[in-house]
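Reader: I should be grateful for a close description of one helix in this model, followed by an account of how the two chains meet.

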Amino acid sequence: MAEKSLMKGNEALAEAAIRAGCKCFFGYPITPQTEISAYLSKRMPKVGGVFLQAESEVAAINMVYGCAGSGIRCMTSSSSPGISLKTEGISYIAGADLPCVIINVQRGGPGLGGIQPSQADYWQVTHALGHGDFHALVFAPASVQEMVDTVTKAFDLADEYRMPAVILADGLLGQMMEPVAFEDVEIKMSDASNKPWAASGHGGKRKHTIINSLYLKPDELENTVRERFARYEDVKAKHTEAVCDYCDDAETVVIAYGSTARLAKSAVEAARKEGIKAGIVRPVTLWPFPVNEINEACKNAKNVLVVEMSMGQMVEDVKLALNCSKPVEFYGRTGGIIPKPAEILAKIKEMGGKN
Amino acid sequence: MPEFKRPHALADVTTHYCPGCTHGIVHRLVAEVIDEMGIEGETIGVCPVGCSVMAYDYFECDMLEAAHGRAPAVATGVKRANPDKFVFTYQGDGDLAAIGTAEIVHAATRGENITVIFINNTTYGMTGGQMAPTTLPGQVTQTTPYGRDTSNEGFPVKVCEMLSQLDGVALAERVTVIDPANVRKAKAAIRKGFEFQKNKQGFSIIEVLSTCPTNWGKTPVEALERVKTEMIPYYPLGVYKEGAVR
């Protein structure tokens with residue numbers, strides 16, 4: 001067991017990226033994720049890696065495109081308004097089947113919004129992270145330790161499936177300090193050696209490679225998209241994750257992700273102490289969405305409560321997952337306000353009499 | 001007497017370029033330089049969006065296709081990860097001097113060790129001849145049907161003049177390929193750019209005044225004449241900056 005140290009979420013995540021074999025980081029300052037850049041600007045030169053502050057979010061994600069296209073493990077990070085700027089590049093990365101990791105330490109929106117924690121980018125990250133037919137892997141860790149552990153998984157799956165992976169955090173996870181341990185991880189595919197598709201210079205040993213998302217013939221484009229979506233089915237089958245607690249006999253199942261899930265779990269445990277049969281499902285992957293896990297957890301439920309730091313962006317996915325077989329209600333705060341366990345508990349109690 | 005043949009780095013395929021377009025000449029010059037330096041296997045090219053969007057099929061080195069204007073950022077990502085490889089971008093005027101202005105200025109000022117081949121033909125060719133940032137005052141295009149009016153559309157961007165002010169630039173040179181003497185000068189400039197890159201001495205840009213007979217509504221010969229009589233007076237040829245920055 002590795003020794004634990006107290007670290008801020010953003011810094012722990014940055015350290016984890018280096019330990020996961022991330023060779024290059026391209027970023028741009030934005031609150032509340034700036035500590036990731038600041039940390040990597042100190043550490044990357046010491047480990048022979050690259051830290052580069054780009055002129056814009058747009059440039060940063062395109063540097064990732066180039067770096068990933070040459071087969072090197074790389075990452076960028078930002079917060080909500082910056083992610084909007086990156087979406088063009090993310091679409092090209094998906095279209096060219098390139099692996100990379102993108103961090104979103106969410107803040108309130110729309111527009112400049114605020115700088116306090118939020119989960120209002122759910123729709124964007126799960127449904128429309130750029131133009132065109134594609135998905136990104138989306139992980140929603142709920143603690144600093146889980147952020148650390150997710151980084152390696154995100155890089156490995158991005159490389160395995162040749163697709164972008166997003167770690168969706170929020171200002172709360174990024175800014176808080178928790179004890180964290182860094183286990184030794186096996187670094188796979190951090191350079192071009194296992195990537196025959198990479199544009200890294202053919203050295204006279206093979207035909208040239210082309211990193212590209214342009215297909216002017218409709219049937220060719222359709223084929224590439226279908227091939228990508230076939231890969232997505234494999235991801236769904238093998239890498240969908242959720243954590244369920246107290247669900248076996250739960251009459252009210254709360255569904256929440258990220259830091260909100262911890263607050264909701266406190267509310268569920270308080271409800272249990274009062275004899276209320278409440279349970280909680282925490283989606284660990286938001287794409288793929290844990291449809292089966294939610295159905296299994298809700299099989300005895302009379303009703304379902306979705307809790308988010310937004311106006312209820314995950315609610316529709318939960319309803320679709322359940323095929324509207326259970327009543328689904330919502331409680332949330334937005335604008336940077338963190339819902340209190342007591343507020344969630346009050347909502348659970350209010351739902352107690354309903355079915 | 002050396003035999004005149006296709007450079008190895010230039011793919012043996014038919015290009016989609018219009019008759020009289022000078023892209024083919026410039027592609028060939030880049031490929032000749034790559035051959036002569038023996039660096040095809042260590043070279044990675046980045047294509048733009050525009051007429052040369054499919055240049056990835058025309059070079060035998062590894063290639064990446066970038067989003068519109070982002071080629072210098074993509075090239076930066078490749079180069080930072082592979083500092084010992086040769087990286088070039090090939091961009092048109094809309095790509096480089098309009099939508100990609102931030103990317104080219106910052107790649108230049110960082111002194112990225114990349115070589116930029118910049119095709120200035122004063123129009124957006126691929127989309128059918130709209131006003132480019134380099135369109136000359138008075139020039140008629142699809143979106144300046146009464147001629148570019150500087151009181152409304154402002155003035156052309158003079159890229160070499162602008163970038164030569166930046167400390168990270170090792171080479172900013174404007175050339176053309178309208179006759180054999182100028183083709184030789186253009187090739188020498190491209191070679192110089194790759195040599196600066198080889199020695200890790202900073203950013204290099206070679207601006208090539210080029211033709212677009214199709215969208216200019218001219219024959220290939222008339223188009224070459226227009227470069228001489230209208231473009232060169234506004235965009236003088238020559239070296240705007242030369243010297244290692246590191």
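Author: Helix 6 of chain A has a kink of about 25°, centred on Thr150(A); the bend at a residue is the angle between axes fitted to the seven residues ending there and the seven starting there. The model is predicted: local features need pLDDT of at least 70, side-chain atom pairs count only at pLDDT 80 or more, and totals for chains, interfaces and linings use all residues. Residues are numbered from 1 along each chain as its sequence is written, and chains are lettered from A and ligands numbered from 1 in the order in which they are written.

Helices (H or I, at least four residues) and strands (E, at least two) are DSSP runs, numbered from the N terminus. Helix 6 of chain A covers residues 144-161, and its end C-alpha atoms are 26 Å apart, in agreement with the 26 Å expected for 18 residues at 1.5 Å a residue (the expected span is 1.5 Å times one less than the number of residues). Of these 18 residues, 14 are buried, that is, with 20 or more other C-beta atoms, placed from the backbone, within 10 Å of their own. Arg162(A), with a positive phi near 50°, follows the helix.

As to the meeting of the chains, 35 residues of chain A are in contact with 28 residues of chain B, contact requiring C-beta atoms, placed from the backbone, to lie within 7 Å. Helix 2 of chain B gives the largest share of the side of chain B that touches chain A, 8 residues. Strand 9 (residues 210-211) of chain A runs parallel to strand 2 of chain B, joined by 2 bridges, and Ile210(A) stands opposite Met63(B).

Terms used
Buried ≥ 20, exposed ≤ 12 C-beta atoms within 10 Å, placed from the backbone. Contact = placed C-beta atoms within 7 Å. Pairing = 2+ DSSP bridges.
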